[in-house]
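Reader: Got a minute to walk me through this one? Show me the structure, then let's start with the cysteines.

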Amino acid sequence: MGCVLQGSVLRGEIREGKYVVEQDHEKSMKLHKKACDDGYAPGCAYLGDGYAHPAGDTPPEEEKAYKAYAKACSMGCQGGCRRQGHYMILGLGIEADAKKGKALIEEACMKGRPSYPDYASVACD
């Protein structure tokens, strides 16, 4: 969990519109990858977030994000399942399959937090 906390802080902590901790996307990704490789499911979800929302003008790496979310989901992380389902619905990093994506989100909603602002409304109403 230490790698995830450090990695999350290095993604850039913002208070009152200013970065309190300087962003270091590369180091953040390395720490989240280590946490994921060490079997910590939230680390995989955060790794996926890093691929989905990279620093600066770098384009998203949708296939890598999808794979990281899928790994998090397979390890029992509901957040990873919701994100994997979202990617499946939209066809990001994988061929679109709205039925399977919605099923993943529904299952995650039944296990964990039912509200997820971007896409849970398709499954968590």
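Author: Sure. Start with Cys77: its relative accessibility is 14%, so Cys77 counts as buried. Buried means under 20% relative accessible area, exposed means over 50%, and partly exposed is in between (1.4 Å probe, protein chains only).

Reader: Before more of that, what kind of model is this?

Author: A predicted one: local features need pLDDT of at least 70, side-chain atom pairs count only at pLDDT 80 or more, and totals for chains, interfaces and linings use all residues. Residues are numbered from 1 along each chain as its sequence is written, and side-chain values use heavy atoms, with hydrogens and water left out.

Reader: Back to Cys77. Why no bond to Cys81?

Author: Too far. The closest cysteine sulfur to that of Cys77 is in Cys81, and it is 7.0 Å away. A disulfide here is a pair of cysteine sulfur atoms within 2.5 Å.

Reader: How many disulfides are there in the whole structure?

Author: The search finds two. Cys73 is joined to Cys81, S to S 2.1 Å. Cys36 pairs with Cys44, and those sulfur atoms are also given as 2.1 Å apart.

Reader: Which hand is the Cys73 and Cys81 disulfide?

Author: Right-handed, because the torsion about its S-S bond is about 95°. For Cys36 and Cys44 the torsion is about 95°, so that disulfide is right-handed.

Reader: Are these cysteines buried or exposed?

Author: Cys36 and Cys44 are both buried. Cys73 is buried at 14% relative accessible area. Cys81 is buried at 11%.

Reader: New topic. What's the overall fold pattern?

Author: Along the sequence, α-β-β-α-α-α-α-α. That comes to six helices and two strands. Helices (H or I, at least four residues) and strands (E, at least two) are DSSP runs, numbered from the N terminus.

Reader: How much of the chain is buried?

Author: Of the 125 residues, 38% are buried. The accessible surface is about 7,500 Å², and 52% of that belongs to carbon and sulfur atoms. Areas come from the Shrake-Rupley method with a 1.4 Å probe; for residues, only the protein chains shown count as cover.

Reader: OK, α4. What span should it have?

Author: 18 Å. Helix α4 covers residues 62–74, which is 13 residues, and its end C-alpha atoms are 18 Å apart, in agreement with 1.5 Å a residue. The expected span is 1.5 Å times one less than the number of residues.

Reader: Which residues of α4 are buried?

Author: Ala65, Tyr66, Ala68, Tyr69, Ala72 and Cys73. They cover an arc of only 165° around the axis, which puts them on the same side of α4. The arc is that of the directions from the helix axis to the C-beta atoms. Lys67 and Ser74 are exposed on the other side.

Reader: What do those buried residues pack against?

Author: α3 (41–52), α5 (78–90) and α6 (98–111). Contact means heavy atoms within 4.5 Å. Just after α4 comes Gly76, with a positive phi of about 95°.

Reader: And α5? How many of its residues are buried?

Author: Ten of the 13, so α5 is largely enclosed by the rest of the structure. Among them are Arg82, Arg83, Gln84 and His86. The buried residues of α5 pack against α3, α4 and α6. Gly91 follows α5, with a positive phi near 70°.

Reader: Arg83 caught my eye. What does it form a salt bridge with?

Author: Asp49, with the closest N and O atoms 2.9 Å apart. Asp49 lies in helix α3 and Arg83 in helix α5, so the pair ties together parts that are 34 residues apart in sequence. Asp49 is buried at 10% relative accessibility, and Arg83 is buried at 15%.

Reader: What's the salt bridge cut-off?

Author: A side-chain nitrogen of Lys or Arg within 4 Å of a carboxyl oxygen of Asp or Glu. The structure holds seven salt bridges.

Reader: Which residue pairs with Lys67?

Author: Glu63, with the closest N and O atoms 3.3 Å apart. Glu63 and Lys67 are four residues apart in α4, so about one helical turn separates them. Glu63 is partly exposed at 47%, whereas Lys67 is exposed at 53%.

Reader: Where does Lys64 go?

Author: Lys64 meets Glu61 in a salt bridge, 3.1 Å from N to O. Lys64 is partly exposed at 43%, and Glu61 is partly exposed at 34%.
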